[in-house]
Structure formats: C-alpha cells, structure tokens
Amino acid sequence: GLMLYRVYRDAGVPAGAVNFVTGPGSNYENEFTKNRHVAGIAFTGSMEVGIRLFREFEKGSCVKPVVMELGSKNPVIITENADLKKAVEGVVRAAYGYSGQKCSAASRVYVQRSVRKAFLVALKNRLKDVRVMDPRARDAFMGPVINRAAVETFEDAVKSAEKKGKIFFGGSVLDKGLYGRGYYVEPTVATDLPSGHRLFREELFIPFMVVDEFKTLDEALEKANDAEYGLTAGIFSEDKAEIQRFLDEIQFGVVYANRKGGATTGAWPGAQTFVGWNASGATGKGIGGPNYLLSYLREQSQTVVTG
C-alpha cells in the first residue's frame, strides 16, 4: 500500500487526492467510521473486520455506500469424471500458493467416493514435490506465513483435526536452519473429519486444506454451498452436464471448471471479474465488470424550468 501511494505521489497526483493512513485498532477504524466527511468505505479484508466497519459506519445520521470484498472458505468438487492429474495440480496451486494466504485459496475439497483413494494418492505424491522455501528464491512456490499468530492458527487447526479426524499430509511447524528465521509450516491436508466440523467453515488463511467425500453431485453441491461465505469455487469433471449443473447451482461469485492453474484462484483483467456473494461481499458487483464503477458513483436528477 505504501509503495503504491508513493507511485501516485511521484507521478504527480495532487496532495490530498490520495492519502496513506496507518494506525492500530479502534482509533484507526474510528477515523473512517465516525468522520462525517467520509462519503463511503471500500474495504478488503476479513469478514469479522468488514462487518464491524459496516455496522459502525451505518450508525451515522445517513446511509452511505459500503463496498466490501471479504474472506471465504472456498470449495472444490472433484467428480468421478474428473481428470485427476488436472484436479490435483489445480488444487495444490490454489490451496498452497502464497502459503494459502489469499481470500481465493482452496481450503475444502469434496471428492466423489469412487475416486477418493486415487485422488489422495496422487495428491500426496504431488505434495512431496512442494518445497517450502525462502520466498526470495526465484523458484519459490510456497514460503512462510505472515507472523506468529498465523503459526498458532496452524497449530490449533492441526490439533483440532487430529481430535476428530487425521492429518493425511504435513502438519508440522518448520523451525530448523533457514526455517528458524521466519514463520514456516508444511502444506497440510486433513481427512476423515465430520462434514460439519469447524475446519470446513472457518477461514484460516494458512496452507491447510480439508478433504471430504460425496456420493452424488447433489450431495457435493449441498456441502459446498453450506457456508456463510461465497467468493470462489471450482469443479473438475469432463462431463459437460455436471459442469453446467455446478455453474447453475453453486452459490459463489467466482467459479471455475477444470482450471489446472488454480482450482479456485485467478482473476485476470479482461478475463474474469472478482465478486463475493453472501458474507464474502457487499454489492454483488464484480471488480473489473461493467457495473462495478457504479458502486462508487451517485446519481443526480436535474430539472431546469425556463420561461
């Protein structure tokens, strides 16, 4: 954010047109929610903070616009008609790129029972090749998590998974050698958890994924939609009817079918808009879409009577 501000400043944007404001906690939030000169808020961040900002901002004397892109718990459905090699690659890239620290990260996977074992075997083999590295290395795919709190979230998720299910892959904090100079954890997969377990519902923002199974596509869609969020979702199937059913019924704003480059990730300008449904957004208008700019404008109806 600071670097972008400096770009605007150095490019000649007038002072005061763009400001970079920092500050901790409630005092920082109050400057925006209580200041009557603030005409609207656009926020990207967690659902918890976003909802708090929304409620505080709308306590004022008039209703003002709020544009929000919040978190999610993004599902991937893998049917028995999927190309499993493609599915594994798409899931790994979506779940562990940026160490899972992105709102579009794949964090729960539903695999049809008939191909569950084959998928998990292929997934484990692929994850064996994922190296956790110094993020400055050119070929680094997965680096550290952001801070100690993220490591604690990871440790808590691992313990929670072990109580009701099992850790299928990973599960360890890395702290030897190079890893002792940062916050490093393994890419992790949990299985055999009850479908209603909190790890299927809570956004963690770490490289941690849960895998469940289903019998029918009806069941898979029901499980995928059983979340308060609605940002990104994906399916892997070579059956066109299954794909269309997914597109028609999934309750998420950004959806992908058979995307090997990232099962739930990727929003390229000119290719996809980026929009959160349910608790993942506030407007239902996609960033980069034809209606998004209208979120920042207001109309004025002018009538002039002459004569």
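Helices α4 and α5 lie oblique to each other, because their angle falls outside the roughly parallel (under 35 degrees), roughly antiparallel (over 145) and roughly perpendicular (65 to 115) ranges. This is a predicted model, in which local features need pLDDT of at least 70, side-chain atom pairs count only at pLDDT 80 or more, and totals for chains, interfaces and linings use all residues. Residues are numbered from 1 along each chain as its sequence is written, and side-chain values use heavy atoms, without hydrogens and water.

**Helices α4 and α5**
- Helix α4 covers residues 84-96 and helix α5 residues 113-127 (helices are DSSP runs of H or I, at least four residues, numbered from the N terminus).
- Their axes are 10 Å apart and the packing angle is about 55° (axes are lines fitted to C-alpha atoms over the stretch in contact; angles run from 0 to 180 degrees between N-to-C directions).
- The crossing of α4 and α5 is right-handed (the near helix is turned clockwise from the far one by less than a right angle).
- From α4, the contact (heavy atoms within 4.5 Å) takes in L84, V88, E89, V91, V92 and Y96.
- From α5 come V115, A118, F119, A122, L123, R126 and L127.
- This contact has 11 nonpolar, no polar and two charged residues (nonpolar: Ala, Val, Leu, Ile, Met, Phe, Trp, Tyr, Cys and Pro; charged: Asp, Glu, Lys and Arg; polar: the others, Gly among them).

**Helices α7 and α8**
- Helix α7 (residues 217-225) and helix α8 (residues 240-249) have axes that come within 11 Å and cross at roughly 30°.
- α7 is therefore roughly parallel to α8.
- α7 passes α8 in a right-handed crossing.
- L217, D218, L221 and N225 of α7 meet E242, R245, F246 and E249 of α8.
- The residues of this contact are three nonpolar, one polar and four charged.

Definitions and conventions. Helices (H or I, at least four residues) and strands (E, at least two) are DSSP runs, numbered from the N terminus.
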